[in-house]
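Dear colleague,

I am handing over the structure we spoke about, and below it you will find my notes on what was found. Please read them with the model open beside you.

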Amino acid sequence: MLRRTAAAITLTALAACSGHAPAWADFAAHDAAHDSEMSVGTGSTTADPSTTDGSQGSATTDALPMTATGEPEDTATTGDPTSDGPTSSGSESLLQPRILEVGMPAIVHLAGPVDLQVSTRDASRVRVKLDGVELDELVDQGAGVFAGTVPCFGSVDNGAHTLDVIALNDSLADLRAIDFQVAAPPAGDLAWAVPYPIGSRARRIVVTAEGDAIEVGAIEVDGAPRPSIRKRSGKNGAEVWAEGTIVLDSREGSVDAAALTPDGRIWVAMNVRQADKAWRPRILLLDADGHETGIEMPTEAGATVGGIAADGAGGFFAVGFAGSGLGDMDVVIWRMNGEHVAVFSAKPWDYVPNGDKNLAHSFSDFAFDVVIKGAAAWVVGASAGKHEGNETQARGLLVPLDLETGAQFDPVIVQVPSGGWRQGMYLGAAAHPDGIAVVGYGATADSTSQRIEIAIYDASGSRIWFQPEAAADVAYGTAVAVNAHGGVIVTGVVRDKDVLRGVLLGRKSTLYDHKFPPSAEPSAALGLALDAWDQVFVIGEVTAGGMRHARVAFVRQ
């Protein structure tokens with residue numbers, strides 16, 4: 001969204017060319033004309049691979065393991081064993097199962113599901129283990145053929161692996177050990193990138209179960225940005241929908257957040273300028289092809305929506321901010337359940353340190369992203385006020401709220417200052433196995449120096465991992481995702497010499513730095529999403545000839 005709302009100015013990556021990342025003072029200003037630009041969005045969406053780590057009891061077998069060999073991309077097969085004939089088991093005669101052939105590439109080069117086919121004789125089931133870890137049981141295709149997939153997560157899996165294939169018939173089994181290699185491109189390699197028309201705006205991106213990207217933002221129509229959505233193929237960036245980019249509202253505005261329901265429909269959160277010049281949030285449900293379903297959350301002018309998450313039943317929880325009428329700004333939340341019943345709308349939440357009612361409405365609070373985990377909606381943003389002494393400072397904010405009632409859970413987490421780094425904000429969040437991962441920035445008291453800060457908090461509020469990046473005149477993180485191997489991936493903006501530049505950073509167990517193309521004009525990385533195999537879609541903006549336009553890219557991991 002590119003404007004100043006009735007509430008406040010919030011983050012715009014390219015606007016930071018003027019000198020700094022968003023500071024708390026930017027959010028305190030009111031402007032009745034609402035004619036400036038802003039940008040706010042939600043966090044990232046990560047799809048889960050359909051594998052299991054459970055194990056079944058292993059069958060006994062006297063068959064010797066056989067190792068397949070082959071050339072790159074060729075299919076490796078086992079030998080041609082002969083049947084031992086029927087075997088007596090109690091009052092029944094069992095046939096000894098035999099593995100006749102295993103179709104599996106000898107070398108795997110790309111992340112994703114690798115097709116596996118096993119031809120058998122006299123087998124009723126086929127189990128598979130990858131390096132000792134049980135995978136999903138193969139599906140019986142008939143005529144002794146069983147099929148499934150083997151997961152590959154890219155360069156993190158580079159090296160030698162062993163696939164144990166076990167054909168079963170009751171208590172009898174045949175085993176074959178298949179050796180193969182993974183040789184995937186290095187993490188951080190750019191697979192493809194697609195620019196958009198001049199005047200287009202990028203906000204956030206989510207990934208479908210099929211591995212395609214849903215991108216939201218705005219496209220310029222008649223000289224003004226209009227809320228828009230598009231879908232691109234994960235394979236090569238080609239547009240999927242016949243209509244191309246779909247404009248969702250004829251009024252000025254942008255889609256600033258999106259989330260996918262379990263059945264593939266799309267919740268979008270946008271902010272639009274009404275005929276009376278007032279800005280109003282719109283939250284509506286689209287079908288999987290980007291068309292309105294007729295389901296929409298009732299809203300009123302006066303608040304800004306910035307982040308949205310879908311729950312397991314197909315409902316949503318959305319967050320933003322609005323003026324309280326008492327001299328400060330409050331976090332506001334919206335909720336519609338899976339039956340599409342509106343539960344609460346623009347419900348305010350105010351940070352009150354230690355529950356001291358004398359401090360009510362003494363801090364200005366903002367929400368930019370939300371993550372649903374269990375019964376809690378974790379809201380991420382910032383709170384500006386007198387956190388220490390009499391000096392007003394902004395600090396990152398992370399607060400768990402009851403998904404169904406909006407009631408506050410404990411603890412409320414406020415960004416911890418470190419040395420001279422006294423200020424900051426949290427702008428993106430993602431679920432982590434040990435809690436919640438957040439990203440934003442830290443700044444010195446005078447905001448002359450800034451750095452991207454990444455942290456993981458557990459449910460008790462303890463910061464269990466912290467990663468500050470190098471200091472710069474301008475530096476802030478915009479979105480975060482967590483991959484299946486514990487890697488923390490973030491997007492952000494860093495001043496590179498005299499120009500702002502979008503960055504994609506892999507941290508913790510996944511280490512790399514990927515930067516937007518070098519240019520004398522600014523760029524920004526504003527959002528990311530991981531597909532089921534941890535490959536990264538990153539969305540942002542670049543500038544050409546003084547004109548901004550959106551850019552989406554696919555980066556290998």
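Ser200 has a relative accessibility of 1%, and because buried means under 20% on this scale, Ser200 counts as buried. Please keep in mind throughout that this is a predicted model, and that every value quoted here is computed from it.

As to its place in the chain, Ser200 sits in the loop that connects strand 13 (190-195) with strand 14 (201-207). Its side chain makes two polar contacts with backbone atoms that you may wish to look at: the side chain of Ser200 reaches the backbone oxygen of Pro197 at 2.7 Å, and the side chain of Ser200 also reaches the backbone nitrogen of Ala550 at 2.9 Å. If residues up to four places away in sequence are not counted, the residues that Ser200 touches are Ala218, Ile219, Arg548, His549 and Ala550, so that Ala550 appears both in this list of contacts and as a partner of the Ser200 side chain.

The next region is a sheet. Four strands, in the order 34-35-36-37, make up an open sheet in which the pairing is antiparallel. Strand 34 (475-482) and strand 37 (512-515) are at its edges, and because each has a single partner strand, one side of each is left without a neighbour in the sheet. From one strand to the next, the twist averages 25°.

Within this sheet, strand 34 and strand 35 (residues 488-496) run antiparallel and are joined by seven bridges. Ala475 has Val494 of strand 35 as its bridge partner, while Val482 stands opposite Val488 in strand 35. These two strands form a hairpin with five residues between them, and in the turn Gly486 has a positive phi of about 90°.

Strand 35 also pairs with strand 36 (residues 499-507), again in the antiparallel sense, and here the pairing extends over nine bridges. Asp496 has Val499 in strand 36 as its bridge partner, and the hairpin of strand 35 and strand 36 has two residues between the strands, with Lys497 taking a positive phi near 60°. As for how far strand 35 is covered, seven of its nine residues are buried, so strand 35 is largely enclosed by the rest of the structure.

Finally, some notes on empty space, which may be of use when you set up your own calculations. The second largest pocket holds about 460 Å³ of space. Its lining consists of 21 residues, and those nearest the centre of the pocket are Ala111, Glu210, Lys235, Asp531 and Trp533. Strand 6 (112-121) and strand 13 each contribute at least two residues to the lining of this pocket; strand 13 is also the strand that precedes the loop holding Ser200.

There are also three cavities of 30 Å³ or more in the structure. The second largest cavity has about 50 Å³ of space, and 13 residues line it, of which Gln415, Val416, Pro417, Trp421 and Glu453 lie nearest its centre. Strand 30 (421-432), strand 32 (450-457) and strand 33 (463-468) are the elements that give two or more residues to this lining, and the largest share, three residues, comes from strand 30.

With best regards

Definitions and conventions:
Residues numbered from 1 in each chain as written. Predicted model: local features only at pLDDT ≥ 70, side-chain atom pairs only at ≥ 80, totals over all residues. Heavy atoms only, no water. Pairing = 2+ DSSP bridges. Axes fitted to C-alpha atoms, helices over the stretch in contact; angles between N-to-C directions. Buried < 20%, exposed > 50% of the residue type's maximum accessible area, 1.4 Å probe, protein only. Polar contact = N/O pair within 3.5 Å; in protein donor to acceptor, adjacent residues only side chain to side chain. Contact = heavy atoms within 4.5 Å. 1 Å grid on protein atoms, 1.4 Å probe; cavity = no way out; pocket = protein on both sides within 12 Å on 5 of 7 lines; lining within 4 Å. Points joined across faces, edges and corners; volume = space filled by probe spheres on them.
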